[in-house]
Every structure is written in C-alpha cells, then in structure tokens.
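Reader: I have a model open and want to go through its cavities, charges and backbone. Where should we begin?

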Amino acid sequence: MNGEKMAEVIKISQPVIWMSQDDEHRGRIREADGGVVYPCLTVDAGLHLLTDVRGKIVVVEMPGMGYSATSIFNAIHALDRDALVIFWNPQGSVQEAVELVKLGAFHYMSHPVQVPLDEVSSWVNAAIRKLASAYGEVAPTLSAPTPFREEPWRRFLVGESPAMHKLAEIIQLVASRRSTVLITGETGTGKEVVAKAVHLSSPRAASAIVTVNCTALPETLLESELFGHTKGAFTGAMQARVGRFEQANNSTIFLDEIGDMPMETQAKLLRVIQEKEYQRLGSSEVHKIDVRVIAATNVDLGKRAAEGKFREDLFYRLNVVPIEIPPLRERLSDIPQLVDFFINKLCTQEGIEEKFVASDTIDALMQYHWPGNVRQLENAVDRAITLSGNRSLLLSSDFPLASAMPVDLASDALAQEILLPESGLDFETTVNRLERALIEQAMRRTHGNIKQAADMLGLKRTTLAAKRKSLEAVAS
C-alpha cells in the first residue's frame, strides 16, 4: 500500500506514543489535526515520553522490547492509568491476550507476520473515539469503523458497561483460535449466550453450534449422547446413533454444566480434546474429528479437581481460555438496555405492541441485587408484561420483587406467614406447603434444572428429587 493511501486510512488527532524497533511500522501512522506520533525504540524511552507529554494512546510492538507485555503494561499504568494501550505481539498467546485485557489493555493483536493496516487504523481510531467520549470532546471524522460494534455476534451481548466491553474484547481475541474455552459464572448470567457469541465470531460460524446440557441427561445416556453408539451396543439400542461430537464436526460443541459430568465420561472427553478422535459406544472404529469445545459451569472446577471430584487433567484442558461472566449486580448500569431488549423480544414473541418502562421503575430495578441474574430479570419483565394487561407503561407494581427476595431478607414476612394461630394448625401440612412453595420457586428460576434448583436450596440433587416425589405423593 502506498504512502498516500496510508495517509488516507490512518489519521490521528491525539498524541500517540509508538514503541517499536521497526521504522516501517512506526511510519504507518500519519499525523492530522494536531496529532503527533512519538516514535520510541525502547520501553524506557516510551515511559520517559509518557511523563513528559502525557500521551493517552500507547502502541507497543513487542519484538525486541526486552520486557514481558504484562510488565510493560504495568509500568505504563503506574505512570498514567488513563493511557489506552494497544499491543502487538506476533509471538503472543491467547492466555497473554486475555490476561492483558483483564488488566485493562485497550486491545491486543497477535498476528504472526504483520499487523494489517486497516486493523491498526481501526484500533487507534477506536482509542481516539473513547478519549473524545470520556473528555466530552467532539470525536474527529474517522475512516475506520468502531471495532466489533456492528458484528452479528455482538447483538448477543446486551449492555455498555465496562464489564461487557471487556467481555466483548476477550471474545474477539479468542474468536479465530481453536483454543478450548471455559465459561464460568453464577446461574442465570448468560453462559450459553456467551458461548454462542464466541461461536458466531469464529470462522466456524457458518455451521450451527451443538449444545449439550450435561445435567439434563442421565449418566447412563450421556456417553451415547456425546459419542453415539452402534446398533446393539446396549439394551434398547435398536439402531445406530450419531453423537453430538460427530454432529459438531467442523463446528463448535457447547458443554453446559460440565461440572456434573461423570468421571468415566470425563476420561473419554479428555481423549477427544487431546487426540481429536472418538469411538462410538459399542465400536472399536476410531473417527477423527475437528471440533472446538466450549464448556460452562457455575461451580469452581479447580476446587472440585483438588477435591478429587473432577479430573484435574481435563480441567487444565478445558481452562485454556477462561471467560468469567460477572453477575448482574456488578453491572447494574446495563439494566435499562437489558429491560428494553427483553421487552422487545417478549412483545414480538407475543405479537403485541411494545411496552415501555417508567423511569422510576428502572431506578427501582437498578436498586435490586438480582440473585438470579439476567435470567431472573427476563422472568421479571415477562411477568410485568403479563400483569400490565392493556397498559403500555410498565410500573413498579408490575415488578413484585419482594416475592423473589432471599428468605433471610424477607424473614419478617415469612414469620408472619407461619405465625401460629390461636386455634392451632396442622404442623405437617404447613411444613409441606412451605417446602412445596420453595421447591416450586427454585424449579421456576432454574427452568426445571433439578441440579441447579438443588444448589439454590442447599440440598443434594437426590434429596431434592426425593422431596419432590414425597410431596407429590402427599398431594395425591
């Protein structure tokens, strides 16, 4: 690309400190509207300039810098925490990229040969946009689009909080790789949504993602579900079956709630990830496979591995790129957008005119702690739309959040509910009613997932199943 074209593509209006030992790379950026590029051959020179010019944008090309990317970033932020740092490391790893983004780096590029000019332009200009927005200035006219904002996968991530921007950045970093991803977060935070975003941002997006809920399937059927079986492999196997991994060949498989996977199945999954091959149940024939694995859990797999409840070697194979989804209470500023998103979605599904939310209602929703996270918020919006009837405006009274409060926060109301009357009561019947109400609420919140409902109630899965069966017998 000639110099004239470069000048057309990359223009800056902010000081940029460019750490690189390659004159050609530093020459890629062109000054405009008062912007200045400060070329630096060493990290020390760049840090010295940072104290002198207080440049807010720093580009670091790692080859020859003599320090790790993490130490360079920490040194920059020690001098200026507002600086936006963009890294390029052709020898970098996904793990390094994720670590730096979590620390606060603005962007990380790891192209093995040369950074594409349009990507350099896009990210430098995006940093300028962010500065203009932060300081209330008018953003300059820029030729490059805002990175990933209009990408199809981004519609799955609702919200503009810093946490959501970091999440989007990490997704884009891992998108083009084959690396296994482990998504963690509390129940209801949207782990499956993030898995779909990772898949749709990857080169495999043309094929459908295959989802398996490891909790929903009995242990005896999970292996067959994952790897398939031959006719007669076990009692009831009347015909051969294609497994989920085979269905996901050249695509992505999402293993939800993998912490509940039996040990025997874990061993076979480990082989699939390591060797890229599998065998159908009842067959010795080996099938090669090209599948990207994304797993999710709401438990601490590292702790479970240490306790011997999960294979340690499988944990390390899954935890190549960890993505942690923050709970809703840590990104309350996203609630207005989430409410609008759910209203549009639910009204469209019901075929009714779109409703609106009063501003004081939004304020009230942002004061709540949302123990059930985004899923609970969606259910609350669904209920509010139903309770509002023909009204187009949703009011605070349409969101009876008190009924969803944890028992310890509603203890006074609970005490009134079970206050012993003067005439006495039937103790067994009252206790059964209370148990039934709590179990039904937990099952609704977890969409019928008995394992998650048991965790919410502090019970073992088998205990909850027994209680449900006992209550059903009493009712009948």
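Author: This is a predicted model. Let us begin with the lining of the second largest cavity, then move outwards.

Reader: How do the residues of the lining of the second largest cavity divide into nonpolar, polar and charged?

Author: The lining consists of R178, T180, F245, V272, I273, K276, I289, V291, R292 and V293. Two elements, α11 (263-275) and β13, each give two or more residues to this lining. By class, the lining of the second largest cavity has six nonpolar, one polar and three charged residues.

Reader: What volume does the second largest cavity have?

Author: The search covered the whole structure and found two cavities of 30 Å³ or more. The second largest cavity has a volume of about 50 Å³.

Reader: R292 is in that lining. Which side chain of opposite charge is nearest to R292, and how far away is it?

Author: R292 sits in strand β13 (residues 292-297). R292 is buried and has no salt bridge. A salt bridge needs the nitrogen and the carboxyl oxygen within 4 Å. The nearest side chain of opposite charge lies beyond that: D290, 9.3 Å away.

Reader: Which backbone oxygens does the side chain of R292 reach?

Author: One is reached at 2.9 Å, and it belongs to S179. The other is reached at 2.8 Å, and it belongs to V174. The answer is S179 and V174.

Reader: R178 also lines the second largest cavity. Which residues are linked with R178 in a network of salt bridges?

Author: D290 is the acidic member of this network. The arginines are R178 and R204. So R178 is linked with D290 and R204.

Reader: K276 is another lining residue. What is its phi?

Author: K276 is placed in the loop between α11 and β11. With 36% relative accessibility, K276 counts as partly exposed. Most residues other than glycine have a negative phi. K276 is not a glycine, yet its phi is positive, about 55°.

Reader: Which other residue that is not a glycine has a positive phi, and is it buried or exposed?

Author: N373 has a positive phi of about 60° and is not a glycine. This residue is found in helix α16. Its relative accessibility is 0%, so N373 counts as buried.

Reader: Now the largest pocket. Which helix gives the most to its lining?

Author: The largest pocket has a volume of about 790 Å³. Four helices each supply at least two lining residues: α7 (162-175), α8 (191-200), α14 (335-350) and α16 (373-387). The one that gives the most, with five residues, is α8.

Reader: Which residues lie nearest the centre of the largest pocket?

Author: The lining counts 32 residues. They divide into twelve nonpolar, nine polar and eleven charged. Those nearest the centre are G190, K191, E192, V193 and E378.

Reader: How many salt bridges does a search of the whole structure find, and how far apart in sequence are the parts tied by R244 and E225?

Author: The search finds 17 salt bridges. In one of them, R244 pairs with E225, with the closest N and O atoms 2.8 Å apart. R244 lies in helix α10 (residues 244-247) and E225 in helix α9 (residues 219-227), so the pair ties together parts 19 residues apart.

Reader: Is E225 buried or exposed?

Author: R244, its partner, has 21% relative accessibility and counts as partly exposed. The cut-off for buried is under 20%. E225 has 11%, so E225 counts as buried.

Reader: K288 forms a salt bridge with which residue, and which strands do the two lie in?

Author: The partner is E277, with the closest N and O atoms 3.0 Å apart. K288 is exposed at 60% relative accessibility, whereas E277 is buried at 14%. The pair ties together parts eleven residues apart in sequence, because K288 lies in strand β12 (residues 286-288) and E277 in strand β11 (residues 277-279).

Reader: What is the N to O distance between R331 and D334?

Author: Both R331 and D334 are buried. Their side chains meet in a salt bridge, N to O, at 2.9 Å.

Reader: Last, which residue follows α19, and what is its phi?

Author: Helix α19 covers residues 450-457, and its buried residues are I450, K451, Q452, A453 and A454. The residue after the helix is G458, with a positive phi near 70°.

How values were computed: Residues numbered from 1 in each chain as written. Predicted model: local features only at pLDDT ≥ 70, side-chain atom pairs only at ≥ 80, totals over all residues. Heavy atoms only, no water. 1 Å grid on protein atoms, 1.4 Å probe; cavity = no way out; pocket = protein on both sides within 12 Å on 5 of 7 lines; lining within 4 Å. Points joined across faces, edges and corners; volume = space filled by probe spheres on them. Nonpolar A, V, L, I, M, F, W, Y, C, P; charged D, E, K, R; others polar. Buried < 20%, exposed > 50% of the residue type's maximum accessible area, 1.4 Å probe, protein only. Polar contact = N/O pair within 3.5 Å; in protein donor to acceptor, adjacent residues only side chain to side chain.
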